[in-house]
Amino acid sequence: MAGLSDFKTDKQAESDGRWVIFAGICKVLVRRAGSSHKRFQLAFTKATRPYRHAMENDNMDNDVVTKILASLYSDYIIVDWSTWVAADGDKEGCWQQGIELDGGEIVPITKETITERLIEIPEIFDLIREESTKASNYRVEAREADAEN
């Protein structure tokens with residue numbers, strides 16, 4: 001029988017992060033961005049404090065919000081990032097740690113490169129935010145499935 005305990009998450013998985021693969025192109029190790037991530041919540045409160053009045057009046061510039069969130073995600077949520085690199089026209093390939101730039105170059109992951117890519121490609125940022133807030137990604141079953149892959 002299902003009970004409230006079915007909603008519990010694996011706190012270790014929330015802290016360590018979980019690999020999420022996006023369209024077979026990149027995989028990102030994301031920590032949970034939920035209310036249990038106290039450092040993230042505190043940093044968000046601190047970063048948005050100067051904009052409190054604008055936020056309360058639904059008058060905050062979307063670009064400012066995106067920059068703040070991208071910076072916070074690169075600091076607190078995104079742990080690692082790898083890009084799929086196919087071997088010369090072959091379907092075989094491997095994951096390479098780093099972020100692909102528009103020209104195809106893969107650069108090391110840094111706070112700056114992560115923040116820039118999240119701002120430049122809002123679609124991937126939306127997906128990362130969505131996956132990092134899903135409690136189901138951080139349940140024991142999800143962690144066991146990761147271990148098998």
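The buried residues of helix H5 have a cover that includes helix H4, strand S3, strand S5 (99–100), strand S6 (106–107) and helix H6. The model that shows this is a predicted one. Within H5, the buried positions are Thr113, Ile114, Thr115, Arg117 and Leu118.

H5 is one element of a chain with seven helices and six strands. Read from the N terminus, the order of elements is α-β-β-α-α-α-β-β-β-β-α-α-α. The protein chain has 149 residues, and 34% of them are buried. Its accessible surface amounts to about 9,600 Å², and carbon and sulfur atoms hold 51% of that area. Among contacts with a separation of 6 or more, 56% join residues 24 or more positions apart.

Helix H6, one of the elements that cover H5, spans residues 122–133. This helix of twelve residues reaches 16 Å from its first C-alpha to its last, close to the 16 Å expected at 1.5 Å a residue. Ile124, Phe125, Ile128, Glu131 and Ser132 are its buried residues. Seen down the axis of H6, these residues fall within an arc of 130°, so they line one face of the helix. The cover over them includes strands S1 (18–22), S2 (26–30) and S3 (78–86), together with helices H4 (62–77) and H5 (111–120).

Three of the strands just named belong to the sheet. Strands pair in a sheet through backbone hydrogen bonds, in a parallel or an antiparallel way. Here four strands form an open sheet in the order S1-S2-S3-S4, with antiparallel pairing. S1 and strand S4 (93–97) are the edge strands, each of them pairing on one side only. On average, neighbouring strands of this sheet are turned by 25° against each other, direction ignored.

At one edge, S1 and S2 pair in the antiparallel sense over five bridges. Val20 of S1 has Val28 in S2 as its bridge partner. The two strands form a hairpin with three residues between them, and Ala23 in the turn has a positive phi of about 55°. The two faces of S1 can be told apart by their cover: Arg18, Val20 and Phe22 make up the covered face, whereas Trp19 and Ile21 make up the uncovered one. Val20 is thus both on the covered face of S1 and bridged to Val28.

At the other edge, S3 and S4 also pair in the antiparallel sense, over five bridges. Thr83 has its bridge partner in S4, namely Gln96. Helix H4 packs on the sheet and touches S2 and S3; the direction of H4 makes about 95° with that of S3.

H4 is among the elements that cover the buried residues of H5, and it is also part of the cover over those of H6. One residue of H4 can be followed further: Ile68 lies in this helix. Is Ile68 buried or exposed? Its relative accessible area is 12%, under the 20% cut-off, so Ile68 counts as buried. Leaving aside residues up to four places away in sequence, Ile68 touches Ala47, Thr48, Tyr51 and Met60. Of these contacts, the one with Ala47 joins positions 21 residues apart in sequence. The C-alpha atoms of Ile68 and Ala47 are 7.0 Å apart in space.

Technical notes. Residues are numbered from 1 along each chain as its sequence is written. This is a predicted model: local features need pLDDT of at least 70, side-chain atom pairs count only at pLDDT 80 or more; totals for chains, interfaces and linings use all residues. Side-chain values use heavy atoms; hydrogens and water are left out. The expected span of a helix is 1.5 Å times one less than its number of residues. Buried means under 20% relative accessible area, exposed over 50%, partly exposed in between (1.4 Å probe, protein chains only). The arc is that of the directions from the helix axis to the C-beta atoms. Contact means heavy atoms within 4.5 Å. Two strands pair if DSSP finds at least two bridges between them. Axes are lines fitted to C-alpha atoms, for helices over the stretch in contact, and angles run from 0 to 180 degrees between N-to-C directions. Accessible areas come from the Shrake-Rupley method with a 1.4 Å probe; for residues, only the protein chains shown count as cover.
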